[in-house]
Structure formats: C-alpha cells, structure tokens
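Hello,

Here is the structure I promised to pass on to you. Have a look at it first, and then read my notes below.

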Amino acid sequence: MLKTPNYVVITPARDEAAFIELTIKSMVGQSVKPLKWVIVSDGSTDGTDEIVERYAEQYDWIELIRMPERKERHFGGKVYAFAAGYERVADLPYLAIGNLDADTSFDSGYFAYLLDRLDEDAKLGIVGGRLVDFSSDRPRKYTTADPEYVSGPCQLFRRECYEGIGGYQPMKSGGVDLVATLSAKKAGWKVRTFPEIVCHHHRRMNGAEMSGFRERLHRGRMDYLLGTHPLWEVARSFYQMKQKPYLIGGVLILFSYFWQFLRGATRTMPQELIEFRRREQMRNLRQRFKRLVPFSDRATGTKTRIA
C-alpha cells in the first residue's frame, strides 16, 4: 500500500514569499500527511525562509534547508536544490516522492487521490493533477490533450521510478520535467495526469513571463532545443496560426525553430530521448490525422494556456 503516510515531498523555493504560504496551508490541510516535507530555500532573500520557519516550528514533518545565495535564476539551480532535499529524505521508508513548486495550492485530498492511483496500478511511475493557471485575473487551464504528461510544478513519482531514471537532470534552458517524463516512459513506466483533480499555479511560468511575439519566438527555440520533430513543429505552427497573434504567431514559432537549426544550436536533451520523443510525436501525428483532431501544445511538453 502507498497510503498513509508513505510519501515525501520536496519543494525548491527561491524568493517565493508571495505564494509559499498558500502551498504550506495546502500541505498542512492534506488528509494524508507526508512523512517529511523538505523545503529547500535556494538563496531566497525576500522573507521566504521566515515564513517556512514559522510553520516548521509547528509541524515536525516540515523541514527547511537553506542553499547559498546565487545571482542567476535557472532550471539547473532548481534541480540542485531538489537534490539537496532528496539527500535529506534518502533514509526514510517512503514509496513515493513529490516535486512541488512553492507557488501552488490544491485541495485537501490531492495527495491521497494520487497515492490511491499509484496503489491501483503498479506500472504508474509519475502522476499528477491538472494544472490550472491562477497567475492572472481569469484562471486558465493548461492544455492537457496528452494525459501521458505531468506538469513540473506538481509531479509525484513512485520511488522506484524516480531512482530508476536517475532523478532530475540539471538543464539551464528548462525542460527538466519533460526529460523526467520521457525517461520514465522510455523505461516502461506509465505517466498520467488526472484531470479530475486540480493543482493551482500562481506564478507565471517560464515562457509565460513573455507575451505576444517574444513568447512565440521563445517557444520555437525551446521546441528545437528539446528535440521536437520538424514535421510536428510545422503542423503545430500551422495550428497556432489560428490563435492570437493570428497567422504571425505560428510563423514566428516556425522561424525561431528553424533559425536555431540553421545556426547549429546545441540541443539540450539527450539524443536517445530526442529519438524516443520524435517516435511518439510521429505516432501521435498519424493518429491525429486519422481523427482530424487539432494539435495540442501539451503533447510537445510546452506550456501554452487556453481560456
């Protein structure tokens, strides 16, 4: 059994004073508490540590670790922070390990539900709920047409799966959660998002900090770096021409992708995962043509939102 309380959670946090109390209250309110929740302050200077310390004094299963301050903010740093938390729980008898962003919130039954799903299917390696963007006045859901992907802010791993893929790999350009997902699937594990439960995300995500033309250029660049198949990129770019900014948005994605190709940019994903991802994309492409279903950004691992 994976239930009560056979799971641990690690939260890398860098200057999250604006949101981390929402996350803490969500964890404190869980019907199934974790064995340990390690919050790793990645050089925070905005009062994040003080908020965490206040709750750690009340709950012995909450622990704060502080990493040295660093000037640069990138995804590699998040992985190093997660690794520091992972070392702290290594000797505990847990069966599932969660990566939880410090700007999320969720209902009291969130982790109990996911633990039940792991308990029901021994081949499930990564699970999570549907991610909903609360970073603007009007909440929006991320596209999740591909249920075999779990958004990075709320991934829960079966311990055997996490250790089998070697954990998260540091990548400054991003795509850490996508690499973990592909690695798990390549190793034979199932990956599943359950849309019936929700994880609210309160900070704007990676490319979402950009808008309009800049966001489309960023997306094309990331698609190239993370190994998207050229045919898939062409297809999804045509689909994006129907979204704002109309026509030009899809053109910019395609231009940015092939510009990276022409300049010989080095892809950040291991070659074996690129090949695995492209096979999946081509299989999905054939299926979508058969069903005449529109293309989804989620199947590519990017984070576009829809109303």
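One thing to keep in mind as you read is that this is a predicted model. My notes go by theme, beginning with the aromatic rings.

Tyr110 is a good place to start, and it counts as buried because its relative accessibility is 3%. Its ring is paired with that of Phe106: the two centres are 5.1 Å apart and the planes make an angle of 35 degrees, a tilted arrangement. Why does Phe106 count as buried? Its relative accessibility is 7%, and the cut-off for buried is under 20%.

A second pair has another geometry. Tyr257 and Phe258 meet edge-to-face, with 4.9 Å from centre to centre and 80 degrees between the planes. Are these two residues buried or exposed? Tyr257 counts as buried, at 1% relative accessibility, whereas Phe258 is partly exposed, with a relative accessible area of 31%. In the whole structure, a search finds 15 aromatic pairs. There is also an aromatic cluster, made up of Phe82, Tyr86, Phe157, Tyr162 and Tyr168.

Two rings have a charged residue over the face. Which residue lies over the face of Trp189? That is Lys123, at 5.2 Å from the ring centre. In the other case, Arg267 lies over the face of Tyr224, and here the distance to the ring centre is 3.9 Å.

Phe258 comes up again on the surface. Together with Leu217, Phe255, Trp259, Phe261 and Leu262, Phe258 forms a nonpolar patch there, and the accessible area of these residues together is about 640 Å². Where does the largest share of this patch come from? Helix 9, which spans residues 248-262, supplies five residues. Trp259 is found in helix 9, and Trp259 is partly exposed, with 46% relative accessible area.

Next, the cysteines. How many disulfides does the structure hold? The count is zero. Take Cys199: the nearest cysteine sulfur belongs to Cys154 and is 3.8 Å away. A disulfide needs sulfur atoms within 2.5 Å, so Cys199 is in no disulfide. Cys199 also counts as buried, at 0% relative accessibility. Cys161 is buried as well, with a relative accessible area of 0%.

Helix 6 deserves a look of its own. This helix covers residues 176-186 and is mostly covered, with ten of its eleven residues buried. Among the buried residues are Val176, Leu178, Val179 and Leu182, and the list also includes Asp177 and Lys185. Just after helix 6 you will find Gly188, which takes a positive phi of about 100 degrees.

Finally, please look at Arg219, which sits in helix 7 (residues 212-225). Arg219 is buried because its relative accessible area is 4%, and the limit for that label is under 20%. How far apart are the C-alpha atoms of Arg219 and Leu252? They are separated by 9.0 Å, while along the chain the two residues are 33 residues apart.

If you want a short route through the model, begin with the pair of Phe106 and Tyr110, move to the nonpolar patch that includes Trp259, and end at helix 6 with its ten buried residues.

Enjoy exploring, and best wishes!

Key
Residues numbered from 1 in each chain as written. Predicted model: local features only at pLDDT ≥ 70, side-chain atom pairs only at ≥ 80, totals over all residues. Heavy atoms only, no water. Phe/Tyr/Trp six-rings, centres within 6.5 Å; stacked < 30°, edge-to-face > 60°. Buried < 20%, exposed > 50% of the residue type's maximum accessible area, 1.4 Å probe, protein only. Lys NZ or Arg CZ within 6 Å of the ring centre and 35° of its normal. Patch = residues over 30% accessible without salt bridge, like charges linked within 9 Å, V, L, I, M, F, W, Y side chains within 5 Å. Areas by Shrake-Rupley, 256 points an atom, 1.4 Å probe, with all protein chains shown as cover. Salt bridge = Lys/Arg side-chain N within 4 Å of Asp/Glu carboxyl O. Helix = DSSP H or I, 4+ residues; strand = E, 2+ residues; numbered from the N terminus.
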